[in-house]
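Welcome! Keep the sequence and the 3D view side by side, and try each task before you read its solution.

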Amino acid sequence: MKLQITLQSFLLTGSGEGSALIDTDIVFDKDGFPFIPARRIKGMLKESMTEVMEMKGEPECKIEEDVIKFFGKEGDEKNSGRLLFKNYYLSEVSKENLPDLKKKHPFAFAPENIRKFFTAEIHQTALQDEVAKDTSLRNYRVIKPFIANGKAICFEGVINGNETLAENEKALLKEAVLNFRYAGTRRNRGFGKVSCRLDNSSSNDTNFSKAALGSNNAVIESGDASTLQVTNNEVFVQIKTLSPVVLAMQLGEKNTVLTEKVFNGNRLRGLLASQYIQARNLANAHSDPAFKELFLTCEVCFEPLFYNNAKPLPLHIHSYKSKNTKLTENEVNNEELVNIFNKPTEDEYEITKTVGGTFIRQQNTFTAQKPDTTFFFHNSRPNRSAGRSEEDQDTGGIFYYEALDEGQTFAGCIKGPAKFLNELIKEVSKQKTAQAGRSRSAQYGEVEITFTASPVSEAVEPDKNFTITHDIQPASEQQFLLTLQSPLLLLNKYGEPEANKNTLLHYVNTALNTSDITVENAAAAFTIVEQYNSVWKSKSGKLPAYKEGSAFLLN
């Protein structure tokens with residue numbers, strides 16, 4: 001179902017940030033267009049439905065039960081609410097031609113000028129004895145209710161659902177939409193009057209089922225997903241973010257949730273396992289033989305997915321500190337870098353530093369690849385009175401989410417027996433979109449999964465003939481180079497995690513069935529790996545590991 005929100009007064013969708021001249025700013029996308037975050041829509045529609053049921057005289061227990069049924073319970077990791085919300089954008093703004101327009105009219109379509117077109121600044125102050133009260137002046141940036149031609153500004157978005165709604169449930173939702181008349185900050189001070197309309201032109205039962213949440217997303221090349229076959233024991237996978245995605249990291253202060261910049265293999269495995277369980281409607285997944293082989297044994301290897309199929313820059317590749325080389329979004333020529341395993345004698349006393357980051361190698365250049373992220377401000381109101389009066393100012397809280405921007409792709413590979421990979425593709429292909437990360441029911445987490453028999457994008461494949469100045473390869477045929485694409489966890493002879501040279505050599509010698517290999521040189525760093533098990537609701541503990549990009553010269 002499509003929900004349309006038409007402004008009838010200035011709207012203040014606070015971003016939680018300000019500047020030297022603006023105390024409270026609104027939420028913009030990266031192009032400068034204002035939008036209404038999905039979590040705001042969900043919270044205000046939830047309150048509107050509560051008000052509707054109160055006006056009908058429904059008992060409190062019935063209200064709580066129905067509201068939880070529609071919107072889920074706070075802190076419920078299973079996302080039990082029936083409704084799924086996405087961000088609401090300007091209805092008449094199409095961004096398909098925006099890149100071309102920016103090239104032709106860079107000044108007119110600069111983000112700052114777009115902001116000025118859709119917004120205005122409002123100044124307010126408090127009076128005391130008919131005189132302005134000291135330190136009470138406040139400047140707000142607000143969305144205009146009308147644009148230059150007098151047309152009302154309208155936002156629209158889609159409300160999807162996990163389950164089909166009954167007729168009485170649809171009727172209750174429509175009543176809540178009609179009662180939804182105020183939105184945003186200071187809506188009890190003259191801002192935020194809106195009118196809402198639920199578009200019923202396509203409101204049939206399939207609009208509230210999982211089968212209608214997107215287009216067919218799992219394909220290999222141009223074949224039909226139901227007839228695809230993998231024969232070489234590997235399949236390439238791409239995840240595209242359709243909305244902001246929060247891959248929560250286990251660090252940071254309590255009011256800020258940071259996101260990982262990579263879909264690590266453990267997260268990819270969990271996402272595909274969830275999709276597989278839903279596709280086959282498994283009540284006890286661990287008892288399913290195919291599920292066991294795919295996800296509970298070591299037969300299938302889920303590699304990390306990197307932004308634009310880039311790879312970590314090995315840590316033995318340095319730059320000269322005196323040249324101040326930095327791997328940025330611009331290309332860096334290989335002559336600016338040096339392999340410290342084979343550093344020239346004349347540069348013996350030149351100080352070098354690690355460059356780091358993820359990159360694409362092509363035509364003797366490095367091009368840095370780093371996904372774009374945005375910080376979003378949110379507030380928590382455990383009860384409806386929180387924040388409405390001075391007595392309730394201590395109730396509720398504020399927090400920030402860092403999220404991967406929508407429209408970005410992450411690519412990698414899954415390796416394993418072909419029969420298992422074909423089973424995985426067949427089942428996951430039944431799902432139209434997937435939900436990943438945190439806050440999947442509102443604003444965040446919608447992704448599209450694509451499988452291919454060859455690398456997702458040949459344009460970002462590294463040049464196999466590429467060499468760094470002073471040679472990236474080992475100096476002799478008796479040496480070989482081991483580099484890590486992801487963190488490496490090693491267990492010592494006592495079964496305890498331990499990242500050191502001896503433990504690494506034990507694994508390498510065992511894998512190659514020898515005992516003669518030694519570490520001649522290393523450029524390594526250490527990290528801490530900590531994972532969260534949503535079934536047990538418990539962290540794994542902090543485990544020491546070699547960091548991705550670590551390089552070992554073995555002899």
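Two short exercises follow, one on cysteines and one on a sheet.

This is a predicted model, in which local features need pLDDT of at least 70, side-chain atom pairs count only at pLDDT 80 or more, and totals for chains, interfaces and linings use all residues. Residues are numbered from 1 along each chain as its sequence is written, and side-chain values use heavy atoms, with hydrogens and water left out.

**Exercise 1.** Find how many disulfides a search of the whole structure gives, then look at Cys196 and Cys413.

*Solution.* Start with the rule: a disulfide is a pair of cysteine sulfur atoms within 2.5 Å. The search of the whole structure returns zero. Next, take Cys196: its closest cysteine sulfur belongs to Cys154 and lies 9.3 Å away, so the two are too far apart for a bond. Cys413 is in no disulfide either, as the nearest cysteine sulfur, in Cys301, is 8.2 Å from its own.

Now check accessibility, where buried means under 20% relative accessible area, exposed over 50% and partly exposed in between (1.4 Å probe, protein chains only). Cys196 is buried, at 11%. Cys413 is buried too, with 4%.

**Exercise 2.** Work out which strands stand at the edges of the sheet β26-β32-β27.

*Solution.* Strands are DSSP runs of E, at least two residues, numbered from the N terminus; two of them pair if DSSP finds at least two bridges between them. This open sheet has three strands, with antiparallel pairing. β26 (480-483) and β27 (519-523) each have a single partner strand, so these two are the edges. For a closer look, follow β26 to β32 (residues 551-554): four bridges join them, and Phe480 has Leu554 as its bridge partner in β32.
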